[in-house]
Amino acid sequence: DRTDLDGQIYKNFLNTDTVAQNEAAQPKNSEEMRKFFGQNKRVVFTLIQKFRYDKGKTYPLLSDRDDIIVMVDEAHRTQYAALAENMRTGLPNANFMAFTGTPLLGKDRKTNEWFGDYVSEYNFQQAMDDGATVPLFYEKRVSEMMNQNENLSEEFYQLLEDEDLDEAQQAKLEQKFATEMQVIKRDDRLEAIAKDIVNHFANRGYLGKGLMVAIDKFTAVKMYDKVQQQWKGEIKNLVGKISKSDNDIEKAQLRRIVEYMRSVEMAVVISEDANEVEKFAAQGLDIKPHRDRIQRLDAQGHDLEYNFKDPEHPLQLVFVCAMWLTGFDAPTLSTLYLDKPMRGHTLMQTIARANRVASHQIAGHRGKVIEKKNGEIVDYYNVFRNMKAALKEYAQGSDGGEDAPVQEKSQLFELLDQAIAETEAFCLERAINLQQVLHTENTFKNLSQFKAYTDILLSRDEWRKSFAIYSNTVSSLYEACKPEILAQAVRPIIAAIEYLRNLIDTHTDRANIDAISIKIAELLDESLVVNNANQLTVKESSPPYQPQHQIIQSGKTWDLSKINFEKLRAEFKDVTYKHIEIADLRAFIDRKLSLMMQQNITRTDFAQRLQEIVDKYNSGSSLAENSFSELLDFVESMKIEDERHVREGLTEDELELFDIIKKDKMTKDEEQKVKLAAKSLLHRLLEAHPKVLVQDWWKDRQTQNSVRKEVEQVLDSNLPETYDRTLFTQTCDRVFNLIVDFSSQGRKWAA
C-alpha cells in the first residue's frame with residue numbers, strides 16, 4: 001500500500017511537468033533520501049517512513065537551510081512522534097505546511113500543536129454548498145445484529161486503525177478484545193449482513209460502485225465469499241420468478257435486475273502479510289485467488305484500482321478493511337457498507353469516499369440514465385453513535401452549524417414528500433389538480449385530462465421548463481430512496497408527475513415513445529393500481545402489459561417537402577389542444593432548423609426570426625391561432641431555403657461557400673463567377689492533389705499557411721474583378737476561418 005502511494009505522489013507531479021521524468025526526485029529508501037538533501041534537490045517526494053533511523057541513535061542533520069518548505073499531506077497519525085521528530089531534527093529550520101481533512105483534535109489538538117493554527121478551512125458543509133461534493137445519507141440496517149458495546153476502549157480502536165502494529169502487539173490486543181471481535185465476526189450475523197447487502201446493492205436507484213468495510217482481513221474475505229454465494233442464489237431465485245410470472249412488465253424488470261447482477265464483478269482488496277496463505281488457510285479461507293486478482297493486470301494493462309475507478313468497468317463491489325479508506329477517489333463510488341468500529345478522523349476519512357461528484361452518468365437497470373445525487377452509508381455496526389461528535393469536529397467548521405452534512409436516510413423521504421408538495425403547488429397555480437385526477441377511475445388509461453394538463457404547461461416555455469425541474473427533483477429523490485421506498489406506503493402522485501412529464505416530452509424532445517411507455521408502466525407496476533372503489537392501493541398482482549393503456553400521443557410526423565400549409569391552417573381552428581399542436585410544430589422546426597444550420601452556418605438569421613416568434617408566443621401577446629400561423633409562415637420560408645441549393649445548381653456545401661463568398665448587389669455574371677469560385681475551392685480542398693487538408697493541419701503554422709495560400713489562389717483566379725483588395729482579404733479570412741473551425745471540430749471538410 002505504501003509503495004503504491006509513494007509512486008502515486010511522484011507520478012501525479014510528473015503529469016503536471018513540475019518535475020522532469022529524468023530527475024531523480026523519488027528516493028528508493030531512507031539512505032538515498034538523506035543523500036538527496038545533501039545534493040540540494042529542488043523537489044523531493046517521499047513518505048515519512050523514509051525518515052526511519054537506527055534506534056538509540058540521534059537523527060543526523062540533513063540541512064540547516066531556512067528556505068526549505070515541507071508540504072505534508074494527510075497531516076495526522078504518523079506526522080507526530082518518532083518519524084516526525086526525526087524529520088524536524090534533520091531539517092531544523094524548515095517551514096512546515098500541512099494539509100488534512102481530518103486533523104487530530106480532542107484535548108491535545110496535536111495537529112495544531114505541531115503545525116500551528118489554520119491558514120484556511122474548507123469543511124464538509126461548504127463543499128456540499130459549493131457543489132464540490134454530494135450530500136451523504138446514512139442508514140442503520142439489520143439492527144438486531146448490531147453490537148451494543150458503546151464503551152470500546154482506546155486500545156481496541158488502535159487495534160483496528162494502526163497498521164504499524166507488529167504481529168506480537170496485534171495478537172496481544174486481539175486476545176484482550178476477543179469477546180468484541182467474536183460478536184462482530186459471528187457467522188450468523190455475517191450471513192444476515194451478506195443477504196442484506198445483496199438485496200440492497202442490486203436494487204439501488206443509482207447503481208454506483210460499492211465498498212464493504214470489514215473489521216479485519218479475514219472477515220473481508222469471508223464476507224466476499226458469503227455475498228458471492230447469496231448473489232448467485234438471488235440470481236437463481238429471480239430467474240425462477242421470471243419463468244413463473246405472466247406479467248410482461250414484471251418480467252422485463254426482473255430480467256434487467258438479473259442482467260445487472262450477472263454483469264457485476266467483486267474483489268477483495270487487502271494488504272499483503274508474511275505467510276498469509278497459511279494464516280488464511282487456518283481460518284478456512286483461500287487468499288490466493290484474491291492476491292492474484294490484486295496483482296494481476298487486465299488485457300489493457302490496467303490494475304484492479306484502475307478498474308474500480310472506471311465507471312464502465314464491471315468491477316462494482318469491493319471488500320476492504322483498511323485499504324482505500326483514505327486518499328482514494330473513485331467518483332462513482334456511492335455506497336459504503338460499514339461493519340467495523342470507527343470514530344473520529346478515521347470515520348470521517350472513510351465516509352468521504354462516497355461524497356465525490358460523479359459527472360459520468362450510469363444507465364440504471366430500468367433503462368434510465370441517473371446522475372449521482374448523493375452518497376449512502378449503510379451502517380451494520382452502529383458506527384454512527386460516534387458520528388455526531390465526529391461531524392461537529394470535522395465537518396461543520398469552527399462556527400458549527402444547524403444542519404449536519406451527513407443525515408439519516410429518512411431525511412431523503414422527507415425531502416421527497418416536500419418536492420412532491422412543491423410540484424403539486426406549482427401545478428395547482430396553473431389549474432392542474434393531480435390529486436383530483438388520481439381519484440378518477442382508469443387514471444392512466446384515459447388521456448383526456450392529462451392532455452389538457454399537458455396543453456396548459458406547453459402554453460409557456462417557462463412553465464414547461466419549471467415543471468421539468470420539479471419533476472426531475474421528484475424523480476431523482478425517488479431513485480435515491482430505493483430500495484427502502486419500495487417497501488413503504490405508495491406515493492401514487494409520483495406516477496402522475498412522471499406520466500405528465502413524459503407526455504410533455506413526447507411533444508418537445510420527441511423521446512422514444514416505447515421506452516417512455518415501458519418506464520411509466522414499470523413505475524405503476526411497482527407502486528399502485530386503481531381498484532373498483534376508485535382508491536389507489538398497493539399492487540398485489542398486475543395484468544400483462546398492454547401498450548394501448550400507455551402513452552399513445554406521439555406528436556405528428558412532418559415532411560417539409562409535402563406540407564399542405566393551407567390545410568394545416570384550416571384544421572388548427574378545430575384543434576382542442578392548440579398548445580400541443582404548436583409544440584409539435586415547434587419540435588419539428590427545431591430539429592429541421594438545427595440540420596439546416598449544420599449544413600450552412602449563414603442561416604443564423606432563421607434562428608433569430610424563430611426566437612422572435614417564440615418570445616412573442618411566451619409573452620402571451622399573441623393568440624394561439626396567430627402564433628401557429630406565424631410558425632407556418634416560418635416553415636414556408638424554411639422550405640424555400642431548404643430547396644435553394646437546387647435552384648442555384650449547387651450542392652449544400654457549395655451553397656454554404658457561395659453564401660460566405662458572395663457580396664451584396666451582384667450582377668448575373670458576377671453571381672456565376674462566385675458560384676464557380678465556390679465549386680473550384682471545394683474541389684481543391686477535398687479532391688485535388690496534392691492533398692491540402694492533411695491530418696491536424698490547423699495545429700501547425702506551416703500547414704496553416706499552405707491552406708491559406710491555396711484558398712487565396714483559387715479565389716484570386718475565380719472571383720470577379722469588382723472584389724477590391726480589402727474585400728478580397730476579408731473574404732479569404734472568412735473562408736479560411738470557417739475551414740479551421742470545421743477541421744478543428746472534426747466536422748465536414750476535416751482531414
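Trainee: What does Met-97 count as, at 42% relative accessibility?
Mentor: Partly exposed. Under 20% relative accessible area is buried, over 50% is exposed and partly exposed is in between, with a 1.4 Å probe and protein chains only. Keep in mind that this is a predicted model: local features need pLDDT of at least 70, side-chain atom pairs count only at pLDDT 80 or more, and totals for chains, interfaces and linings use all residues. Residues are numbered from 1 along each chain as its sequence is written, and side-chain values use heavy atoms, leaving out hydrogens and water.

Trainee: OK, and where is Met-97 placed?
Mentor: In strand 2. Helices (H or I, at least four residues) and strands (E, at least two) are DSSP runs, numbered from the N terminus.

Trainee: Which residues make the nonpolar surface patch with it?
Mentor: Ile-69, Met-71 and Phe-99 join Met-97 there, for about 440 Å². Strand 1 (69-73) and strand 2 (95-99) each put in at least two residues. Patch members have over 30% relative accessible area and no salt bridge (side-chain nitrogen of Lys or Arg within 4 Å of a carboxyl oxygen of Asp or Glu). Nonpolar side chains (Val, Leu, Ile, Met, Phe, Trp, Tyr) are joined within 5 Å, like charges within 9 Å. The areas are Shrake-Rupley values with a 1.4 Å probe, and for residues only the protein chains shown count as cover.

Trainee: Switching to rings, how many aromatic pairs are there in the whole structure?
Mentor: The search finds 16. Phe-426 and Tyr-470 form a tilted one, 4.9 Å centre to centre with 35° between the planes. Rings of Phe, Tyr and Trp (its six-membered ring) pair if their centres lie within 6.5 Å; planes under 30 degrees apart are stacked, over 60 edge-to-face, the rest tilted.

Trainee: Which helices does that pair link?
Mentor: Helix 17 (residues 410-428) holds Phe-426 and helix 20 (residues 461-480) holds Tyr-470, 44 residues apart. Phe-426 is buried at 6%, while Tyr-470 is partly exposed at 27%.

Trainee: Why is the Phe-606 and Phe-634 pair called edge-to-face?
Mentor: Because the planes are at 70°, with the centres 6.0 Å apart. Both residues are buried.

Trainee: And what about the core: how many residues are in the largest nonpolar one?
Mentor: It has 37, and Trp-231 is among those with the most contacts inside it. Helix 10 gives the most, nine residues. A core is a set of buried Ala, Val, Leu, Ile, Met, Phe, Trp, Tyr and Cys residues joined through side-chain atoms within 4.5 Å. Trp-231 is also in a ring cluster with Phe-201, Tyr-337 and Tyr-380.
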